[in-house]
Amino acid sequence: MANVPVTYLRRLRTERGVTLQWLASQADLSISYLSELERDEDKRPSADVLRRIAEKLELGESDRALLFSQYEIHEARRKACLFVDGKWLQIVAIPKIAERLGGSPFRLDFGKLPEILGRQFGSDVTVTRKCFSFSSAKNIHPADEVREQERLEESRNLLSRLRSIYRWDVLDTPTDYRGNHLRKELRKSSFVPLNPVPVALTAEALLRAAMADRIDVAIFLLGDAVYKPCLTALRQLGVQVALVSLRGACDNALIRGEEQTLDWPPVWIDDEQLLLALDRPAKRRSVDCDSKHHQGSQRVYTTDEEVPGQPFYCDSCRVIERVSEDYERSVEEHGSDLPELDGRVVRTGPRGFGMIESAEEVFFFHASSCFPESSFSDLTVNSSVRFSVGALPGDNPRYRYGQALRVRRLSDTPSQAVSPQPDSG
Ligand SMILES: [Zn+2]
């Protein structure tokens with residue numbers, strides 16, 4: 001390597017009377033990246049980048065061989081990173097796949113996904129990093145809270161499984177709903193929530209392409225045309241770019257002129273072979289719930305994966321554990337003598353969430369907060385209750401509403417079966 005001039009590429013180019021700008025645009029590289037290649041023999045371009053340059057300079061056999069010998073190329077194993085637009089995947093792609101499967105649920109196997117997708121682009125492509133960009137909703141409308149809490153809980157659960165079981169890098173950039181409904185149909189048309197997912201994912205991808213120990217291949221799982229400049233920029237930085245998307249959920253503009261942005265034709269995740277390989281079988285197994293709040297037999301059936309070294313909680317206890325964590329934190333902060341308030345149940349949800357109105361304020365509670373004085377099934381809409389204030393509205397940035405703890409039904413109030421009394425406040 002030492003006897004080859006460092007500026008060999010530069011010499012080849014200038015001999016042909018070609019400007020840096022011309023070659024960069026012809027070979028689909030950024031001017032600054034090409035200029036670095038010309039100056040720095042320690043750069044490690046992919047063989048594909050050198051092939052593009054050699055082709056545009058119309059190099060003969062010997063010049064081509066010399067150019068390739070100047071750089072250290074890692075052709076044997078290409079390092080790849082998988083970038084997933086998690087919001088598109090969860091909200092658009094997976095429901096569409098399920099629809100195509102005739103309504104049966106599709107459970108994407110996040111454990112196998114990186115390896116299987118990597119293989120689509122060559123047996124030497126190894127996915128070493130996985131990045132899932134998501135956006136959790138915060139400050140949603142009060143009437144959404146009970147129903148949508150369950151959805152929020154499901155996404156929290158997915159993000160934590162991705163982190164702890166599959167070791168993904170999870171970018172969770174929250175979207176502030178400023179009190180608006182989560183569901184589009186119910187929302188004021190003037191309110192359009194910002195979607196921070198593409199910007200976060202783009203920034204991450206460019207960062208990984210610019211780092212010293214950079215990636216050779218970027219595989220994107222997404223369908224939005226907003227990513228096109230990102231794909232182009234990565235390719236200009238010498239990274240090979242691959243797209244995995246879903247027919248009918250992929251913006252046409254994203255794949256128009258694909259030969260300029262992609263190194264392979266797009267791979268469709270809805271191809272039967274891929275779907276079959278990526279569907280995680282719902283293995284039902286019996287396991288003991290480790291929560292001390294568990295009611296009934298500890299033995300439950302689940303299709304959730306185990307997290308090694310962590311206690312297992314069933315669906316309802318997982319929520320209870322979160323609430324009791326908050327409770328312990330609030331006891332730590334305020335002592336055990338929490339203030340008490342009286343109120344009226346205004347809403348209950350199927351999975352143990354409910355809301356209480358007290359004077360002007362709204363409090364949120366979970367079935368676990370009734371234990372042991374009352375049971376959740378005793379509490380129906382309009383039940384009068386007494387509760388401890390775990391948090392006042394606005395106390396905890398994670399919740400918009402106050403948190404009611406130790407909720408118990410006041411026994412001397414008429415039940416819902418009796419005609420409701422006018423509410424005097
Ligand atoms: Zn349990």
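A residue is called buried here if 20 or more other C-beta atoms lie within 10 Å of its own, and that criterion is worth keeping in mind from the outset, since several of the selections below depend on it. The model on screen is a predicted one.

**The whole chain**

Begin with everything displayed and coloured by secondary structure, so that the 14 helices and 15 strands of the protein can be picked out. Of its 425 residues, 29% are buried. If you draw the contacts between residues at least 6 apart in sequence, 69% of them join residues at least 24 apart.

**Helix α10 and its surroundings**

Select residues 228-236, which make up helix α10, and show the side chains of C230, L231, L234, R235 and Q236, the buried residues of this helix. What do these buried residues pack against? Adding the partners one at a time, you will find α3 (31-39), α9 (197-210) and α12 (258-261) among the helices, together with the strands β6 (217-221) and β7 (240-245). After α10 comes G238, whose phi is positive, near 90 degrees.

Keep α10 on screen and turn to α9, with which α10 packs at an angle of about 0 degrees, the two axes being 10 Å apart. That angle makes α9 roughly parallel to α10. To see the contact itself, select T202, A205, L206 and A209 on the α9 side, and C230, A233 and L234 on the α10 side. Sorted by class, the residues of this contact are 6 nonpolar and 1 polar, with no charged residues. C230 and L234 therefore appear in two of your selections, as buried residues of α10 and as members of its contact with α9, and both are buried because they meet the cut-off of 20 or more other C-beta atoms within 10 Å.

**The open parallel sheet**

Next, hide the helices and select the strands of the open sheet, 6 in number, which follow the order β4-β2-β1-β6-β7-β8 with parallel pairing. At its edges lie β4 (169-172) and β8 (267-268), each of which pairs on one side only. Bring back helix α6 (residues 86-100), which packs on this sheet and touches β1 (78-85), β2 (125-134) and β6, its direction making about 55 degrees with that of β1.

It is then useful to walk through the pairings and to pick one bridge in each:

- Between β2 and β4 the pairing is parallel, over 4 bridges, and S133 has L171 in β4 as its bridge partner.
- Between β1 and β2, which run parallel, there are 8 bridges, and V84 stands opposite F132 in β2.
- Between β7 and β8, also running parallel, there are 2 bridges, and S245 stands opposite W268 in β8.

**The closed barrel**

Move on to the other strand assembly, a closed barrel of 5 strands that runs β11-β12-β13-β15-β14 with mixed pairing. From one strand to the next, the twist averages 50 degrees. Which two strands should be selected to inspect an antiparallel pair? Take β11 (residues 340-348) and β14 (residues 384-391), which are joined by 5 bridges, and within this pair look for E340, whose bridge partner in β14 is S388.

While β14 is selected, centre the view on A391, which belongs to this strand. Is A391 buried or exposed? A391 is buried, because 23 other C-beta atoms lie within 10 Å. A distance label between the C-alpha atoms of A391 and A404 will read 7.2 Å, although the two are 13 residues apart in sequence.

**Two loop residues with positive phi**

Finish with two residues that are not glycines and yet have a positive phi. Select E58, with a phi of about 50 degrees, in the loop between α4 (47-56) and α5 (61-70). E58 counts as exposed because it has 9 other C-beta atoms within 10 Å. Then select N139, with a phi of about 55 degrees, in the loop between β3 (137-138) and α8 (145-164). N139 is partly exposed rather than exposed, because it has 14 C-beta neighbours inside 10 Å while the exposed class ends at 12.

Notes. Residues numbered from 1 in each chain as written. Predicted model: local features only at pLDDT ≥ 70, side-chain atom pairs only at ≥ 80, totals over all residues. Pairing = 2+ DSSP bridges. Axes fitted to C-alpha atoms, helices over the stretch in contact; angles between N-to-C directions. Contact = placed C-beta atoms within 7 Å. Parallel < 35°, antiparallel > 145°, perpendicular 65-115°, else oblique. Nonpolar A, V, L, I, M, F, W, Y, C, P; charged D, E, K, R; others polar.
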